[in-house]
Amino acid sequence: MVRAEAEQSRRQTRYEAADMVLAVEVVSPDSEERDRETKPLKYAAAGIPHFWLVEMAGEKDRPALHTYELDLVTKSYTNTGIYHQRLKLTVPFTIDIDLTQIDHM
């Protein structure tokens with residue numbers, strides 16, 4: 001997700017890290033370590049204020065969403081929540097998603 005003022009055209013394909021508000025990473029079986037460890041460090045170093053990590057969890061492979069916010073002092077992410085049933089937030093924007101309905105979306 002990028003800041004509205006960063007949008008220059010509908011065909012834009014590149015943004016600066018400073019334009020980013022939120023990075024979302026979906027953990028892949030082929031890149032678990034990179035998705036959980038390497039990428040969050042890079043996003044934090046780039047100064048992206050919010051980071052979400054989505055993993056499939058449990059015997060039914062349901063989404064578990066971990067939310068993080070950048071600590072400007074340590075330049076690292078702090079966990080702000082773990083969501084299994086419903087993702088309801090007001091920061092960095094207002095969102096309300098029933099995660100149990102993933103098969104019906």
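Trainee: How many salt bridges does a search of the whole structure find?
Mentor: The model is a predicted one. A pair counts when a side-chain nitrogen of Lys or Arg lies within 4 Å of a carboxyl oxygen of Asp or Glu. On that criterion, the search of the whole structure gives a total of 5 salt bridges.

Trainee: Which residue meets E25 in a salt bridge, and at what N to O distance?
Mentor: E25 belongs to strand β1 (residues 22-26) and its partner to helix α1 (residues 32-45), so the pair ties together parts that are 14 residues apart in sequence. The partner is partly exposed, with a relative accessible area of 23%. The side chain that meets E25 is that of K39, and the N to O distance is 3.0 Å.

Trainee: Is E25 buried or exposed?
Mentor: The label depends on relative accessible area: buried means under 20% and exposed over 50%. E25 has a value of 9%. E25 is therefore classed as buried.

Trainee: With which residue of helix α1 does K39 form a salt bridge?
Mentor: Both residues lie in helix α1, 4 residues apart, which is about one turn of the helix. The closest N and O atoms of the pair are 3.3 Å apart. At 1% relative accessibility, the partner counts as buried. That partner of K39 is D35.

Trainee: How far apart are the closest N and O atoms of R86 and D96?
Mentor: R86 lies in strand β5 (residues 86-89) and D96 in strand β6 (residues 95-98). Their salt bridge ties together parts that are 10 residues apart in sequence. R86 is partly exposed at 42% relative accessible area, and D96 is partly exposed at 41%. The closest N and O atoms of this pair are separated by 2.5 Å.

Trainee: Which residues are joined into one network by salt bridges that share partners?
Mentor: K39 forms a salt bridge with E25. K39 also forms a salt bridge with D35. The residues of the resulting network are E25, D35 and K39.

Trainee: How far apart lie the centres of the positive and negative side chains?
Mentor: The positive set has 13 side chains and the negative set has 18. The distance between the centres of these two sets is 5 Å.

Trainee: With which residues is H66 in contact, leaving aside neighbours within four places in sequence?
Mentor: H66 is part of strand β3 (residues 62-71). Its relative accessible area is 16%, and H66 is buried. With those sequence neighbours left aside, the contacts of H66 are F51, W52, L53, E55, N79, G81 and I82.

Trainee: In what order do the elements of the chain run from the N terminus on?
Mentor: The secondary structure comprises 1 helix and 6 strands. Strand β1 covers residues 22-26, and helix α1 covers residues 32-45. Read from the N terminus, the order is β-α-β-β-β-β-β.

Trainee: What percentage of the exposed area of the chain do carbon and sulfur atoms supply?
Mentor: Of the 105 residues in the chain, 31% are buried. The chain exposes about 7400 Å². The part of that area supplied by carbon and sulfur atoms is 51%.

Methods: Residues numbered from 1 in each chain as written. Predicted model: local features only at pLDDT ≥ 70, side-chain atom pairs only at ≥ 80, totals over all residues. Heavy atoms only, no water. Helix = DSSP H or I, 4+ residues; strand = E, 2+ residues; numbered from the N terminus. Buried < 20%, exposed > 50% of the residue type's maximum accessible area, 1.4 Å probe, protein only. Areas by Shrake-Rupley, 256 points an atom, 1.4 Å probe, with all protein chains shown as cover. Lys, Arg positive; Asp, Glu negative; His and termini not counted. Charge placed at Lys NZ, Arg CZ, Asp CG, Glu CD. Contact = heavy atoms within 4.5 Å.
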